[in-house]
Amino acid sequence: MKHVAAYALLVLGGTEQPTVDDLKRVLSACDGEADEAQLEKLVADLSEKNFAELVDSGLEKIKDIAIGGGGGGGGGGGAAAAVAEEAPAEEKEEEEEEEEIDMGGGMDMFGDGGGDGDDY
């Protein structure tokens with residue numbers, strides 16, 4: 001997969017027909033190891049083909065495959081904003097802050113004199 005990714009990067013960068021040496025340079029730049037035999041086969045297989053057309057035909061084959069599940073994290077922000085605009089603005093009630101209660105005694109974790117000095 002890393003060989004194909006390197007090939008794609010080179011094509012996107014403007015190299016129409018990447019060579020084995022081009023692929024080796026890309027892979028070595030990111031500390032990757034190159035398999036000479038696989039690189040030679042990849043270059044030979046793609047030498048007479050248009051890489052953009054290959055990608056398009058592959059995407060056409062998988063366009064109807066359902067990928068992923070429901071839910072998740074990042075999407076749906078636009079819909080939530082639209083709902084928020086339609087809903088009447090409600091005043092938010094301020095939550096009461098709980099007071100800290102000194103339970104007395106105990107450990108002086110940071111040495112600020114709060115304990116009896118014999119914490120350990």
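Two residues are taken to be in contact when heavy atoms of theirs lie within 4.5 Å. By that yardstick, in this predicted model, helix H1 meets helix H2 through Lys2, His3, Ala6, Tyr7, Leu9 and Leu10 on the H1 side and Asp22, Leu23, Val26 and Leu27 on the H2 side. Sorted by chemistry, the residues of this contact come out as 7 nonpolar, 1 polar and 2 charged. The axes of H1 and H2 run 9 Å apart and make an angle of about 105°. Angles of 65 to 115 degrees count as roughly perpendicular, so that is how H1 and H2 sit relative to each other.

Stepping back to the whole chain, the protein has 5 helices and 0 strands, which gives the pattern α-α-α-α-α when read along the sequence. Of its 120 residues, 14% count as buried. The accessible surface adds up to about 10500 Å², and carbon and sulfur atoms hold 52% of that. As for how the chain meets itself, take the contacts with a separation of 6 or more: 35% of them join residues 24 or more positions apart.

Helix H1 deserves a look of its own. Spanning residues 2-12, H1 has His3, Ala6, Tyr7, Ala8 and Leu10 as buried residues. Among them, His3, Ala6, Tyr7 and Leu10 also take part in the contact with H2. H2 (20-29) is not alone in covering the buried residues of H1, though: the cover also includes helix H3 (36-46) and helix H4 (51-62). Just after H1 comes Gly14, with a positive phi of about 110°.

The link between H1 and H4 has an aromatic side to it. A search of the whole structure turns up 1 aromatic pair. The partners are Tyr7 and Phe51, with ring centres 5.3 Å apart and ring planes at 50°, so the pair is classed as tilted. The cut-offs explain the label: planes under 30 degrees apart would count as stacked and those over 60 as edge-to-face, with the rest called tilted. Because Tyr7 belongs to H1 and Phe51 to H4, the pair ties together parts that are 44 residues apart in sequence.

Both partners fall under the 20% limit for a buried residue: Tyr7 has a relative accessible area of 1%, while Phe51 comes in at 17%. Tyr7 thus turns up in several parts of this picture: as a buried residue of H1, as part of the contact with H2 and as the ring that pairs with Phe51.

Conventions:
Residues are numbered from 1 along each chain as its sequence is written. This is a predicted model: local features need pLDDT of at least 70, side-chain atom pairs count only at pLDDT 80 or more; totals for chains, interfaces and linings use all residues. Side-chain values use heavy atoms; hydrogens and water are left out. Helices (H or I, at least four residues) and strands (E, at least two) are DSSP runs, numbered from the N terminus. Buried means under 20% relative accessible area, exposed over 50%, partly exposed in between (1.4 Å probe, protein chains only). Accessible areas come from the Shrake-Rupley method with a 1.4 Å probe; for residues, only the protein chains shown count as cover. Rings of Phe, Tyr and Trp (its six-membered ring) pair if their centres lie within 6.5 Å; planes under 30 degrees apart count as stacked, over 60 as edge-to-face and the rest as tilted. Axes are lines fitted to C-alpha atoms, for helices over the stretch in contact, and angles run from 0 to 180 degrees between N-to-C directions. Angles under 35 degrees count as roughly parallel, over 145 as roughly antiparallel, 65 to 115 as roughly perpendicular and the rest as oblique. Ala, Val, Leu, Ile, Met, Phe, Trp, Tyr, Cys and Pro count as nonpolar, Asp, Glu, Lys and Arg as charged, and the others, Gly among them, as polar.
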